[in-house]
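This report introduces a protein structure to a reader who has not met it before. It treats charged side-chain pairs, one helix and its surroundings, and two sheets.

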Amino acid sequence: MRDCFCTINLDQEEVYRTQVVEKSLSPFFSEEFYFEIPRTFQYLSFYVYDKNVLQRDLRIGKVAIKKEDLCNHSGKETWFSLQPVDSNSEVQGKVHLELKLNELITENGTVCQQLVVHVKACHGLPLINGQSCDPYATVSLVGPSRNDQKKTKVKKKTSNPQFNEIFYFEVTRSSSYTRKSQFQVEEEDIEKLEIRIDLWNNGNLVQDVFLGEIKVPVNVLRNDASHQAWYLLQPRDNGNKSSKTDDLGSLRLNICYTEDYVLPSEYYGPLKTLLLKSPDVQPISASAAYILGEICRDKNDAVLPLVRLLLHHDKLVPFATAVAELDLKETQDANTIFRGNSLATRCLDEMMKIVGGHYLKVTLKPILDEICESSKSCEIDPIKLKEGDNVENNKENLRYYVDKLFSTIVKSSMSCPTVMCDIFYSLRQMATQRFPNDPHVQYSAVSSFVFLRFFAVAVVSPHTFHLRPHHPDPQTIRTLTLISKTIQTLGSWGSLSKSKSSFKETFMCEFFKMFQEEGYIMAVKKFLDEISSTETKESSGTSEPVHLKEGEMYKRAQGRTRIGKKNFKKRWFCLTSRELTYHKQPGKDAIYTIPVKNILAVEKLEESSFNKKNMFQVIHTEKPLYVQANNCVEANEWIDVLCRVSRCNQNRLSSYHPSAYLNGNWLCCLETSENALGCKPCTAGVPADIQIDIDEDRETERIYSLFTLSLLKLHKMEEACGTIAVYQGPQKEPDDYSNFVIEDSVTTFKTIQQIKSVIEKLDEPHEKYRKKRSSSAKYGSKENPIGKIF
């Protein structure tokens with residue numbers, strides 16, 4: 001049996017790892033990771049390890065997917081066979097090379113021909129043990145009877161070394177000047193000679209690590225006097241090994257990958273205007289935003305960019321209200337209000353995920369941490385009880401957690417985001433108008449979202465909402481499931497209000513009936529009243545700081561003493577809503593504290609400052625804090641959360657220095673004063689009420705892509721509008737347009753015409769970009785390096 005875990009890598013850089021599943025040959029991870037990819041890459045790789053306490057973890061196998069192939073697997077759940085992991089095949093990066101053929105006449109009149117190899121630079125070499133490598137290159141001229149090798153100098157601590165070293169090789173034997181009229185390499189030599197460049201990391205006291213190689217045949221100079229190009233590093237040639245490998249097992253993955261080219265802002269104006277007019281269109285089903293949801297193969301694809309764009313322009317509340325009203329028209333039973341997966345419910349689900357993250361951390365995280373770390377058994381199902389389990393003790397444990405969670409939730413209205421409150425207010429008013437004779441519908445309209453679709457979902461899958469770092473273990477999952485079941489009961493207000501209710505799971509009856517007691521019902525009513533009110537809520541200011549993020553990173557010494565080298569030390573960082581601290585170890589007292597109110601900017605730091613990747617700087621009222629994250633995704637996440645928590649600070653900077661202050665001057669602008677104004681504008685935008693970063697151009701580009709992919713269905717909807725307009729009689733049988741919601745065929749037809757016109761205009765710059773990309777990125781350039789040489 002093995003203790004397995006899995007890592008996610010961009011090339012050789014680990015960005016995430018799962019929890020360890022102990023003693024299993026068929027581990028079930030069930031973990032989701034969503035992240036922006038902040039740099040170029042060649043492979044998205046997944047490594048499966050066997051955890052070893054005393055020695056190095058054993059790599060069992062890997063799945064490596066080329067960037068170009070990711071779209072083929074996107075949205076599909078696929079079993080991938082694990083491939084063997086060979087250290088000589090784990091390569092990334094590229095090398096810049098120039099070859100020339102020189103002809104020299106010696107003093108005695110003989111001809112000597114030399115091959116000139118100029119090793120210029122490398123780019124994107126991997127990190128070694130989390131740090132930039134110390135690379136050097138060996139340059140070999142290889143042929144049937146020769147293997148001449150030379151070596152560059154070692155470049156310290158860099159993934160992008162600039163070598164700029166030239167090497168000379170004799171490629172033909174000296175021959176008489178009178179014997180030849182043209183000085184060319186003989187044909188048989190050209191076909192058999194090649195230049196091989198191997199990249200290595202200098203290990204000093206340990207073995208050097210192979211970083212990759214390229215092989216370039218000398219015959220590339222057959223028609224040209226010189227050859228210059230970028231080459232992708234390749235795995236080492238291991239000879240003609242059998243392609244048959246042992247069965248290492250399989251890994252099941254569900255990958256969703258999107259890649260968009262975002263045009264300058266001015267191109268998106270017409271499409272954005274059309275989308276942002278949606279809340280004002282009558283009926284709402286004739287709006288561009290609603291039509292997008294109708295024609296997309298998967299409504300979820302449309303919901304995320306649509307919700308983010310509308311949120312950014314304060315248009316989500318009126319749009320969500322309008323589509324929810326359309327839902328209510330179709331609802332016949334008040335007990336089933338907002339239970340389906342319509343465009344309205346999906347928009348509200350996505351909205352709560354986006355703006356409710358901080359709310360969940362305040363409300364749920366402390367109790368979820370306690371549940372996950374205590375490992376108390378709460379199983380009360382007689383069928384699932386294990387031998388020796390005390391069901392009464394388990395009931396007490398479960399009741400303690402349920403009571404604590406319930407009490408925390410019903411007292412949390414002060415933390416509920418304003419956007420959520422505004423939408424809940426609208427839902428409550430519309431539900432009351434739709435079912436005026438049902439006294440409970442005003443509460444069930446809100447509870448079906450906040451309990452069923454928000455709190456209950458976050459409780460059962462805390463890792464998905466970033467409330468826990470990993471998927472919990474099976475026993476904890478079961479505890480969270482039982483707690484979530486009780487929370488779901490609060491969403492079914494109709495059953496709470498009935499004195500007699502039937503429950504499917506009889507072992508849960510005691511907990512379900514608990515919420516029917518008068519005290520619980522009054523507390524829930526008060527909570528729902530508060531979060532569906534439009535009155536301004538003012539915080540008492542006594543709330544505890546919210547834990548936002550923590551993790552191990554490297555920080556540069558602050559240089560408080562003049563003696564000794566300013567080096568990098570590993571520290572445990574912790575960010576709350578009040579302060580950023582770092583510690584020697586988790587749980588130890590803070591060594592250094594930066595109050596959030598003192599943060600002036602958080603920006604990336606240029607790699608050239610310290611020859612280290614994934615660095616960022618926290619600029620505050622004292623000297624900047626320089627920090628190195630473990631990978632590019634983690635660096636982006638820290639920058640993002642630090643920007644969010646500090647972006648409303650009054651004294652935030654408008655400009656900063658992208659490099660460090662070393663040896664008496666800023667490396668970026670060479671200003672000598674340490675207090676000199678920044679030379680580059682800060683990247684963080686203006687304060688946002690909901691504190692999320694939204695790139696509206698990017699979201700609009702995603703919507704453009706969705707319209708483009710769904711043009712066929714858009715055309716069918718257009719035909720359906722024409723058919724309805726011509727034929728005014730009753731619809732006799734289902735046809736192609738019966739799946740569309742078309743309340744006003746004329747208005748809908750006009751909107752579709754506008755959509756098509758806007759999309760056609762956007763097609764032109766996209767086509768120009770595609771042509772420019774294919775023509776401008778010359779094969780062998782840095783952007784389009786040469787692959788494997790055959």
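Which residues are linked with Arg-468 in a network of salt bridges? The network joins Arg-468 with Lys-365, Asp-369 and Glu-373. A salt bridge is a side-chain nitrogen of Lys or Arg within 4 Å of a carboxyl oxygen of Asp or Glu.

The model is predicted, and local features need pLDDT of at least 70, side-chain atom pairs count only at pLDDT 80 or more, while totals for chains, interfaces and linings use all residues. Residues are numbered from 1 along each chain as its sequence is written, and side-chain values use heavy atoms, with hydrogens and water left out.

**Salt bridges**

Side chains of opposite charge can pair when their charged atoms come close. The structure holds 29 salt bridges, including the three in this table.

| Pair | N to O distance |
|---|---|
| Glu-77 and Arg-252 | 3.5 Å |
| Arg-453 and Asp-349 | 2.8 Å |
| Arg-478 and Glu-379 | 2.6 Å |

The salt bridge of Glu-77 and Arg-252 ties together parts that are 175 residues apart in sequence, because Glu-77 lies in strand β5 (residues 76-81) and Arg-252 in strand β15 (residues 250-255). Helices (H or I, at least four residues) and strands (E, at least two) are DSSP runs, numbered from the N terminus. Glu-77 is exposed, at 53% relative accessible area, whereas Arg-252 is partly exposed, at 42%. Here buried means under 20% relative accessible area, exposed over 50%, and partly exposed in between (1.4 Å probe, protein chains only).

Arg-453 forms a salt bridge with Asp-349. This pair links helix α12 (residues 441-460), which holds Arg-453, to helix α7 (residues 343-355), which holds Asp-349, across 104 residues. Both Arg-453 and Asp-349 are buried.

Arg-478 forms a salt bridge with Glu-379. Arg-478 belongs to helix α13 (residues 474-491) and Glu-379 to the loop between α9 (365-374) and α10 (391-410), 99 residues apart. Arg-478 is buried at 17% relative accessible area, and Glu-379 is buried at 8%.

**Helix α9**

The buried residues of α9 are Lys-365, Ile-367, Leu-368, Asp-369, Ile-371 and Cys-372. Among the elements that cover them are α8 (357-363), α10, α12, α13 and β16 (547-556), where contact means heavy atoms within 4.5 Å. After α9 comes Ser-375, with a positive phi near 60 degrees.

**Two open sheets**

Strands of a sheet pair through backbone hydrogen bonds, either parallel or antiparallel. Two strands count as paired if DSSP finds at least two bridges between them.

One open sheet has 4 strands in the order β2-β1-β3-β4, with antiparallel pairing. Its edge strands, β2 (13-17) and β4 (58-66), each pair on one side only. The twist from one strand to the next averages 25 degrees; axes are lines fitted to C-alpha atoms, for helices over the stretch in contact, and angles run from 0 to 180 degrees between N-to-C directions. Strands β1 (residues 4-10) and β3 (residues 43-50) run antiparallel and are joined by 7 bridges. Thr-7 has Tyr-47 as its bridge partner in β3. Helix α17 (residues 632-646) lies across β1 and β2, at about 65 degrees to β2.

Another open sheet of 4 strands follows the order β9-β8-β12-β13, with antiparallel pairing. The edge strands here are β9 (146-151) and β13 (209-217), each pairing on one side only. Neighbouring strands of this sheet are turned by 20 degrees against each other on average, direction ignored. Strand β8 (residues 135-143) is joined by 8 bridges to strand β12 (residues 194-201), and the two run antiparallel. Trp-200 is the bridge partner of Tyr-136 in β12.
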